[in-house]
Amino acid sequence: MKNGLAIMTSGGDSAGMNPAVKCCVEYAIKQGFRPFLVYDGLRGLIDDHIVEADRERCSGILHRGGTILRSSRSKRFYDIEFRRQAYQNLEQKGIGQLIVIGGDGSFRALNQFYADFEVPFAGIPATIDNDIPGTDYCLGVDTALNMIRQSVDSIRDTATSFSRAFVIEVMGRHCGYLAMVSALSSGAEICLIPEIPYDLDLIGARLMDEKKNGRAYVLAIVAEGTRMSEHLTRWLSDSLNMDARLTVLGHVQRGGSPTVHDRIMAYKFAVAAVDSLREGNPNAIMTFREGSFGSVPIETVTSSKYNIDPALLKLCAPLSS
Ligand code: F6P
């Protein structure tokens, strides 16, 4: 067996990737592997941006947001000839397994690579969207939620000062998890996410009542996947007769030093990933489910859809009507 183990980050960066890289390297050495680092994600795999890991490269990275390995979304990796080139790079260095820290798109790419060349891999879920089937948690979510909370708290200050309505659009791609948890934890009056049908007439009637009872400002948190932010802002102005503003939080949500939670989760996912490869699993994805760490076969991730916890959806539903 080739004992080279390469670690890479791929797709949208998220806080927690760096502690995961550091722990993968340190724990892999203890388990008898020879760790390598792939820079620039899938692009780096093809272009041979692969170096042996040493202490210097992995020191002082634990507290840093983003990924020191950098990331990419490579179209070339769809082409077998480029994947062959990537395989040859690994072969030359004696790398026989990979850990990929990223989202389901990256896992699919690595599974295709496994199908082509039988290079086993372990996946560590990392995306602020928290939309990977089979796991309740993905690295970076807690940090992103805290970034959003901080922004919403600041917006509330100005919203109350000017008696305004604010629509705050958060990321998540097609998933409403970030918006839902942010709305609940910030006490927003409105939350629109793709998973819950909304009724603007009912929201309007509720808020008009509240306005009569002294409500002076409104906070609405909207998932980008609904594409409703601009419409809702206009609607708040027209229907509730309020001065309304839209804030699109954007990429600020992806940055920031990983929270304690993301650092600890990163360590545990990293240990699980190295152990999974040591035990001979060819293509497992690490999971955190109902309080326990485990793994699922890649097919679980590729063949199913992430469903938000129904209990959380129930709590959030009154904010959509
Ligand atoms: O998947 C993470 C994510 O931040 C999504 O929430 C967002 O829709 C997308 O990536 C943004 O992509 P990009 O960084 O390419 O603009």
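The centres of domain 1 and domain 2, taken over C-alpha atoms, are separated by 34 Å. This is a predicted model. Domain 1 is built from two stretches of the protein chain, 4-140 and 258-304. Domain 2 covers 141-254. Where the domains touch, domain 1 puts 18 residues into the contact and domain 2 puts in 13 residues.

**Ligand site**

The ligand takes up the space of the largest pocket. Around the ligand stand Arg73, Asp129, Met171, Gly172, Arg173, Glu224, His251 and Arg254. Sorted by class, this shell holds 5 charged residues, 2 polar residues and 1 nonpolar residue. Met171 is the nonpolar member, because Met counts as nonpolar. Gly172 and His251 are the polar ones, because Gly and His fall outside the nonpolar and charged lists.

**Polar contacts to the ligand**

Which side chains place a polar atom at a listed distance from a ligand oxygen? Asp129, Arg173 and His251 do so. The table gives each distance.

| Side chain | Ligand atom | Distance |
|---|---|---|
| Asp129, N or O atom | oxygen | 2.6 Å |
| His251, polar atom | oxygen | 3.0 Å |
| Arg173, polar atom | oxygen | 3.2 Å |

The cut-off for a polar contact is 3.5 Å, so the Asp129 pair at 2.6 Å qualifies. The His251 pair at 3.0 Å qualifies too. So does the Arg173 pair at 3.2 Å.

How much of the ligand's area does the protein bury? Taken alone, the ligand exposes 400 Å². The protein buries 75% of that area.

How values were computed
Residues are numbered from 1 along each chain as its sequence is written. This is a predicted model: local features need pLDDT of at least 70, side-chain atom pairs count only at pLDDT 80 or more; totals for chains, interfaces and linings use all residues. Side-chain values use heavy atoms; hydrogens and water are left out. A residue is near a molecule or strand if one of its heavy atoms lies within 4 Å of it. A polar contact is a pair of N or O atoms within 3.5 Å; within protein, one must be able to donate a hydrogen and the other to accept it, and residues adjacent in sequence count only if both atoms are side-chain atoms. Accessible areas come from the Shrake-Rupley method with a 1.4 Å probe; for residues, only the protein chains shown count as cover. On a 1 Å grid over the protein atoms alone, a cavity is a set of points where a 1.4 Å probe fits but cannot get out, and a pocket is an open set with protein on both sides within 12 Å along at least five of seven lines; lining residues have an atom within 4 Å of a point. A molecule sits in a cavity or pocket if more than half of its atoms lie within 2 Å of its grid points. Domain bounds come from an automatic or database domain assignment. Contact means heavy atoms within 4.5 Å.
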